[in-house]
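Visitor: Before I trust any label, I like to hear what earns it. Could you take me through this model one term at a time?

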Amino acid sequence: MADWSKLPDDLLKVIAKRLNSAEDYASFGAVCKSWYSIFGDKDCGGSGLKSPWLMLAEKKDSDMRQFYSPLTSKVYEIPVPEATGKWCWGSPHGWLVTLGTHFEMALLNPITGIHIPLPSLHACPHLNVPEKSQSSDVFIYKAVLSSSPSSPECAVMIIYSDYGRLAFTKAGQQTWTVVESEYGPVEDIIYFDGSFLAVNMAWEVWMYDVSGSEMKTIHFAPAPVVHEIDETEYEAKYLVEAGGDIFMVIRNLYDTASTDVPDMITWTFSVLKLHMSSKVWEDVEDMEHSTFFLGNNHSFSTSASDYPEFRRNTIYFTDDYCGFLDIPRHFDMGIYNLHDTQIQHYPVGHEALSVFSAPLWIKPSFS
């Protein structure tokens with residue numbers, strides 16, 4: 001009987017280059033360690049579209065992470081030891097940003113295992129980084145990539161501290177640059193058309209161009225006219241790009257706890273679209289053919305024509321505030337239908353309990 005683990009690397013690379021879906025890659029890599037190791041070759045990435053995966057919470061005493069694929073309705077197990085015990089943020093570029101308990105940061109491709117260190121947060125004294133994090137400490141709230149790290153222009157921007165401040169680093173740099181701003185705490189950031197966009201608690205959107213030697217700050221859009229919120233309600237804001245347009249998504253949550261420990265549950269979303277010429281926000285009830293992915297990841301969208309496995313006019317959301325409490329809890333996540341305002345649970349991931357390791361969306365990449 002043939003020993004498939006003995007196939008020469010050159011032949012395995014030829015096969016790997018012909019794979020077009022992340023699901024095929026997962027099955028290919030699961031054969032044996034020698035087949036999985038081929039993904040370390042940067043030239044082995046397929047050219048096909050990569051359907052988003054839901055990376056589930058880590059399991060206790062295990063380096064294996066589960067990834068749920070809506071395309072196949074299957075869960076794939078992949079070894080990701082570099083993510084064990086760390087905070088993670090997903091991206092549409094296939095890479096995670098990770099944060100360890102000693103505030104060491106890195107870029108990590110969970111599929112290939114390629115790991116790229118980022119500058120130590122301690123290298124930037126203006127960040128006022130604690131010596132060590134406890135599970136209840138949330139120092140970084142979001143991390144966003146401008147592109148795949150394979151690009152020499154790749155930049156990473158983070159929202160950090162309880163005051164929602166910004167800092168960034170670029171490829172080849174050894175420290176973080178603090179963004180001096182007087183425009184209030186930031187709630188979300190995305191990368192759009194060559195610059196980072198940030199929405200603050202005052203609902204304003206600011207643009208940060210970090211491509212040159214000096215950062216440029218531009219007031220991108222004013223705050224929309226919004227309704228008064230109930231005192232028992234909390235609103236989280238997200239920015240999403242879809243088809244070249246900018247959307248602001250408002251996530252409405254209620255504290256359902258009967259004790260002093262908060263238990264925030266999502267009950268509805270609303271969506272605003274920015275008219276680029278007038279910079280006026282408009283309420284929309286139909287995102288046309290788009291699907292949004294929000295939560296513990298760089299907010300992104302897909303088109304139903306490219307990814308029919310995802311429902312159009314829906315928001316796939318994950319829990320991005322579970323780490324605020326030092327208690328294991330189930331995750332607030334699901335699929336929100338903007339048309340009928342109903343929330344459907346994901347078929348997987350709800351049995352997990354974790355203090356910090358929240359599920360997240362990521363578009364797999366092999367480069």
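**Labels and what earns them**

Guide: Gladly! Look at strand β13 (residues 195-200) and strand β14 (residues 205-209): 4 bridges join them, and they run antiparallel. Keep in mind that this is a predicted model.

Visitor: What makes β13 and β14 a pair?
Guide: Two strands need at least two bridges between them. β13 and β14 have 4, so they count as paired. Within this pair, F196 stands opposite Y208 of β14.

Visitor: How do you know that β14 and β15 pair as well?
Guide: By the same reasoning: the rule asks for at least two bridges, and β14 and β15 share 5, in the antiparallel sense. Therefore they pair too. Here Y208 has T217 in β15 as its bridge partner, and a hairpin of 6 residues joins β14 to β15.

Visitor: Which strands make up the sheet they belong to, and in what order?
Guide: The order is β12-β13-β14-β15, an open sheet of 4 strands with antiparallel pairing.

Visitor: Why are β12 and β15 called edge strands?
Guide: β12 (186-192) and β15 (216-221) each pair on one side only, and the twist averages 25° from one strand to the next.

Visitor: What holds paired strands together in general?
Guide: Strands of a sheet pair through backbone hydrogen bonds, either parallel or antiparallel.

Visitor: Which other open sheet of 4 strands can you show me?
Guide: Try the one with the order β4-β5-β6-β7, again with antiparallel pairing. Its edge strands are β4 and β7 (115-117), each pairing on one side only. Neighbouring strands there are turned by 25° against each other on average, direction ignored.

Visitor: What makes β6 and β7 a pair?
Guide: They are joined by 3 bridges and run antiparallel; at least two are required, so the pairing stands. L107 stands opposite I116 in β7.

Visitor: Why does R65 count as buried?
Guide: Buried means under 20% relative accessible area. R65 comes to 3% relative accessibility, so it counts as buried. R65 lies in strand β2 (residues 64-69).

Visitor: How do you know that the side chain of R65 makes a polar contact with L56?
Guide: The cut-off for such a pair of N or O atoms is 3.5 Å. The side chain of R65 reaches the backbone oxygen of L56 at 3.0 Å, so the pair falls within the cut-off. Leaving out residues up to four places away in sequence, R65 touches others including M55, Y76, I78 and S357.

Visitor: Where is the largest nonpolar core, and how many residues does it have?
Guide: It has 23 residues, and those with the most contacts inside it are M105, L121, L127, I140, I158 and W176. Strands β4 (87-89), β5 (96-99), β6 (105-108), β8 (140-145) and β9 (155-160) each supply at least two of its residues.

Visitor: What does L121 touch?
Guide: Not counting residues up to four places away in sequence, L121 touches L99, F103, M105, L127, V129, F139, I140, I158 and W176. Apart from this core lies another, of 19 residues, among them A236, F269, F317 and L338.

Visitor: And how many helices and strands does the whole protein have?
Guide: There are 3 helices and 25 strands. Buried residues make up 52% of the 367 residues. The accessible surface comes to about 17,100 Å², 52% of it belonging to carbon and sulfur atoms.

Key: Residues are numbered from 1 along each chain as its sequence is written. This is a predicted model: local features need pLDDT of at least 70, side-chain atom pairs count only at pLDDT 80 or more; totals for chains, interfaces and linings use all residues. Side-chain values use heavy atoms; hydrogens and water are left out. Axes are lines fitted to C-alpha atoms, for helices over the stretch in contact, and angles run from 0 to 180 degrees between N-to-C directions. A nonpolar core is a set of buried Ala, Val, Leu, Ile, Met, Phe, Trp, Tyr and Cys residues joined through side-chain atoms within 4.5 Å. Buried means under 20% relative accessible area, exposed over 50%, partly exposed in between (1.4 Å probe, protein chains only). Contact means heavy atoms within 4.5 Å. Accessible areas come from the Shrake-Rupley method with a 1.4 Å probe; for residues, only the protein chains shown count as cover. A polar contact is a pair of N or O atoms within 3.5 Å; within protein, one must be able to donate a hydrogen and the other to accept it, and residues adjacent in sequence count only if both atoms are side-chain atoms.
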